[in-house]
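Hi everyone, thanks for making the time today. I'd like to walk you through a structure I have been looking at, so let me put it up on the screen.

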Amino acid sequence: MTTVLDTLAGAATTEAPAPAAPSRRRRDLWTALAVTLPVLIVQAWNITGYPTVSDDEGTYLAQAWSVQHWHGLAPYTYWYDHPPLGWIQIAMLSWLPALFSSPAHVFTAEMRVVMIPVTAACCLLLFVLARRLGLARWAAGLGVLLFGLSPLSVGLQRELFLDNFAVLWILAALVLAASPRRHLWHHISSGLAAGAAVLSKETMLVALPALVLLLWQRSDRTTRKFSLVGFGSAFALTVAQYPLYALLKNELLPGTGHVSLWGGIAFQLGRAGSGSLLTSGTGSNQTLNSWLYYDHVLIVAGLAAAVAMVASRQLRAVACAVLLFTAVAVRPDAGYLPAMYIIQVLPFLALCIAATAQVLVRTGLHAFPRVGLRPVRWAAVGAVAVLAAGYVVPHWYEGDRTAVTADANAQYDRAVQWIRADIPDPARTRIVVDDAMWLDLVHDGFKPGTGVIWFYKVDLDPAVAHGFPKGWRSLDYIVSTPTLRQDPNSLPTVEQALTHSTVIASFGSGTNLIQIRKIDKSS
Amino acid sequence: MVSSIFMLLVSATLFCMSALTLWWMLHAWRTPEILEGTRFVPSDGAHSLSFSLLVPARHEQEVLRHTIERLLETDYPDYEILVIVGHDDPETAEVAARLAEEHPEQVRVVTDTHAVKNKPKALNSALPHCRGRVVGVFDAEDHVHPDLLSHVDHAFRGDADVVQGGVQLINFHSSWYSLRNCLEYFFWFRSRLHLHASRGFIPLGGNTVFVRTEVLRQAGGWDEQCLAEDCDLGVRLSSQGAKVVVAYDSAMVTREETPDTLYGLLRQRTRWNQGFLQVYRKKDWKQLPTVRQRLLARWTLSTPFLQAFSGVVIPLDVALALFGHLRVSVALASFLPVVPTLATFAFEAVALHDFGLQYGLRVRPWHYVKLIVGGPFYQVVLAAAALRAVWREGRGQRGWELTRHVGAHLTEGA
């Protein structure tokens, strides 16, 4: 089976380290650019308008701001919720949106421009990876288009999520592990890139066995030991910087009066589980349904393709990555399943589909060579391709059309503009907001941390609560947003502030309602 | 602020030093093609060259017979063995004379009459008597493979002036330091020397080295004042543009033993370091044509001292990072030099595994533990030898501290 698949995939040519002919490389380059460009156009168009800015984006952005302004790794106490490399990268790219920005939109949305080069790099790396795994040029291009144009990708890759950076680095690691030169330096670099991936988003650790498998397959028997050790040391020593940082701050292990890395990890692992992925009604199941709502093609076809591709030696590592991420999500005692989890699987799903498409096309064109019938074969392949496109394209067109036209952030934009214009003396005003509009208000002159305050810090961060001896009476305004209203019972001070305040401005309606409320301290 | 900048600079320097050293150490394993290229090309059976094999022997009556008899098993038609003995060493001379009597066609004895003896003087005494077109050097305790000359003959095809074969210490089980000593040889001959050959600057080894007789005579033989005459010869020849071929084959290496005491190791290492220092100060390497080659020469010849320096400074650096109340970012940066150091340990462990496989030796888990735990202590020995070399050179003590051999590799090897 393996040999059949691999011969059909035309993948037997990757062994020789012969340098690619210049014309071949040029064609590769042009194809890669040709498929990356439409992805970038669809992603960039209306990037500020859709999807709705999320609280997490605001958090990472605020932390990036903090890094950039030498305030440490976060505006509040950094409590090891995630390793910091992701927002350090956001900080390093933050000069980019300034070139395009306008005050028309909430800052968190404006900053999404930094994700465009990330997607561009992901697309190009995915193309190179596909080629190195033995996919034909057209199939590699198809993989990039599937990866970048799925409405699910378009939405998630626009957002300032750490997972997008982790994907970039893991793709780089895979590309390096599959290097045809099998150079020790490439394998060491692969370890460094994998380390960067895990330090960008710790969940990328799930893909590590797949990466090691690929490295094992692609390294030469005579130098494999050294390649694996080089990879392993580079990876371990890169990731070790994180606990070392905690150790140097004396925050490795829990203790009274300080946060700890141990505590951060324990929190993430012990986070109230969102239930089984496959039991309807649970949080995880709702997340799955929302993914399927945006695009079921990439997920369903990708999973099926991954199962098939396990049989192919060339694609086994990538298929394993898909199955590993799936297994972690559906395991019986699964913990909290975040909505961005799927981001890490997208390139592998796309690659498996593209590889399967190539196998099917080659089977259609070349199986049973004695039969002949060339035109009939081409017609059959063409017909199947048209049918597949006929099913997928309208669905994706609809999703992507929403992405490039919808204005989901209008109420945020207007709320921020209203605060800018109508709240006097920001330097001496205390306002409670969700993380998504935090940075805007910092730019407006509110004092970061204690003047403009992340709402949950008021109740959950003792260092912040300590600054407000009078509880909710110490606050001046509270901005009620969908995020802030999500879980009212767990945050008593926020709840009281909402109760003892009156609406002075209101934007949007229904669940998207944003209210600016003045707190009535005398009540 | 100043202390932070200082720490960052020191850390960056140390990081670059140990990363570069590690990278060069791993030269042979960079790609499968490079590894393949480090082997001897299989011999085609045509024997075109004649060899004169020099074996200087000083107070080596116990091992000399074994070595020469083993050399006489060499499967090659045209070679002679010149045993060099001192006029003040009747015991060794007697063994040598008897061997010459038993094998008049192949073994001759050359007597070194210098008042103060050392290896280069002994070798120079024999050079005028060499009849072969290629001179080869072996030590009196060496364990030479019978097919070596055929392979060397083949390696000389083309325009090679010098062929350096592999030398390997084998008795890794003898003591904690011999384990590390064996691995040092493994990295040096298996990997690093090939880098030097490809870059056109090479400090040659002390034995299993073959030079065309005319090239050697033109160069004036060995430097009698130098404590590392082998290194010096390599530097002089490569500075004059000689082409050097290095070949390593675990079946074909010359097997040796580590010094039998730690003090012996210290003395041997002091002599080499002092020799490197002398070669550095002779400045023959300044004739190397490119800047890169000269930099490599500078770096290689001062490696023992840089190693001693970093061996002392890295622990200080780490201690300061842990207890020096630095900014966390600075402290984090001062851990950078530890990264290549730890990676070196990992690569050493893997090399030990490879060493065991190639030589059919059983490496036990305990040996890996010894390797890692012994690392810092070995570093101390190396640093001490480097300091001792500087001290002796400064005091003008240039005497030859000979290493004693007990034949530990002879029972081990074969």
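Let's begin in chain B, with residues 330-351: this span is 86% helix and 0% strand, and its end C-alpha atoms lie 33 Å apart. Please keep in mind throughout that this is a predicted model. Residues 371-391 of chain B are 100% helix and 0% strand, with 29 Å between the end C-alpha atoms. Where do these ranges come from? UniProt, in an unreviewed entry, lists residues 305-323, 330-351 and 371-391 of chain B under "transmembrane region".

Staying with chain B, here is the wider picture. The chain has 15 helices and 9 strands. Its radius of gyration is 22 Å, close to the 22 Å from the globule rule for 414 residues, so chain B is as compact as a globular protein of that length. Along the principal axes, the C-alpha trace of chain B spans about 75 × 45 × 40 Å. Of its 414 residues, 48% count as buried. If you take the contacts in chain B between residues at least 6 apart in sequence, 83% of them join residues at least 24 apart.

Now a closer look at some strands. How is strand β2 of chain B, residues 79-86, joined to β3(B)? There are 6 bridges between the two, and the strands run parallel. To go from β2(B) to β3(B), the chain passes through helix α4 of chain B, residues 90-102, in a right-handed β-α-β crossover. For one specific pairing, B:Ile81 has B:Val107 as its bridge partner in β3(B). And why do we call strand β3 of chain B, residues 107-112, largely enclosed by the rest of the structure? Because 5 of its 6 residues are buried.

One more stop in chain B, at B:His59. This residue sits in the loop between β1 (51-56) and α3 (61-72) of chain B. Its phi is near 55°, a positive value in a residue other than glycine. Is B:His59 buried or partly exposed? It counts as partly exposed, because it has 16 C-beta neighbours inside 10 Å, and being buried takes 20 or more.

Over to chain A, then. Here the secondary structure comes to 26 helices and 5 strands. The radius of gyration of chain A is 25 Å, close to the 24 Å that the globule rule gives for 523 residues, so this chain too is as compact as a globular protein of its length. The C-alpha trace of chain A spans about 90 × 50 × 45 Å along its principal axes. Of the 523 residues of chain A, 48% count as buried. Among contacts in chain A between residues at least 6 apart in sequence, 72% join residues at least 24 apart.

For those of you who like checking backbone geometry, chain A has a couple of places to click on. The peptide bond from A:Tyr50 to A:Pro51 is cis, with omega near -10°. You will find A:Pro51 in the loop between α2 (22-44) and α3 (55-68) of chain A. The other place is A:Tyr80, which is not a glycine but has a positive phi of about 60°. A:Tyr80 is in the loop between α3 and α4 (85-93) of chain A. This residue is buried, because 26 other C-beta atoms lie within 10 Å.

Next, A:Arg137, which lies in helix α8 of chain A, residues 137-149. Which residues does A:Arg137 contact, leaving aside neighbours within four places in sequence? They are A:Arg27, A:Asp28 and A:Thr31. A:Arg137 is partly exposed, with 16 other C-beta atoms within 10 Å.

Finally, let's put the chains together. In the interface, 18 residues of chain A are in contact with 18 residues of chain B. On the chain A side, α11 (184-200), α13 (224-239) and α14 (241-248) each supply at least two residues. The largest share there, 5 residues, comes from α13(A).

As for the interior, the largest nonpolar core has 276 residues, and those with the most contacts inside it are A:Cys352, A:Ala354 and B:Val83. Helix α10 of chain A, residues 162-177, gives the most to this core, with 14 residues. Among the residues that A:Ala354 touches are A:Ala130, A:Leu135 and A:Leu146.

That's my tour, and I'm happy to rotate the view for anyone.

Conventions:
Residues are numbered from 1 along each chain as its sequence is written. Chains are lettered from A and ligands numbered from 1 in the order in which they are written. This is a predicted model: local features need pLDDT of at least 70, side-chain atom pairs count only at pLDDT 80 or more; totals for chains, interfaces and linings use all residues. UniProt positions are given in the numbering used here, feature names are shortened, and annotations may be inferred rather than shown by experiment. Helices (H or I, at least four residues) and strands (E, at least two) are DSSP runs, numbered from the N terminus. A residue is buried if 20 or more other C-beta atoms lie within 10 Å of its own, exposed if 12 or fewer, and partly exposed in between; C-beta atoms are placed from the backbone. Two strands pair if DSSP finds at least two bridges between them. A crossover is right-handed if, with the strands pointing away from the viewer, the path from the first strand over the helix to the second runs clockwise. A nonpolar core is a set of buried Ala, Val, Leu, Ile, Met, Phe, Trp, Tyr and Cys residues joined through C-beta atoms within 7 Å. Two residues are in contact if their C-beta atoms, placed from the backbone, lie within 7 Å. The radius of gyration is taken over C-alpha atoms; the globule rule is 2.2 Å times the number of residues to the power 0.38.
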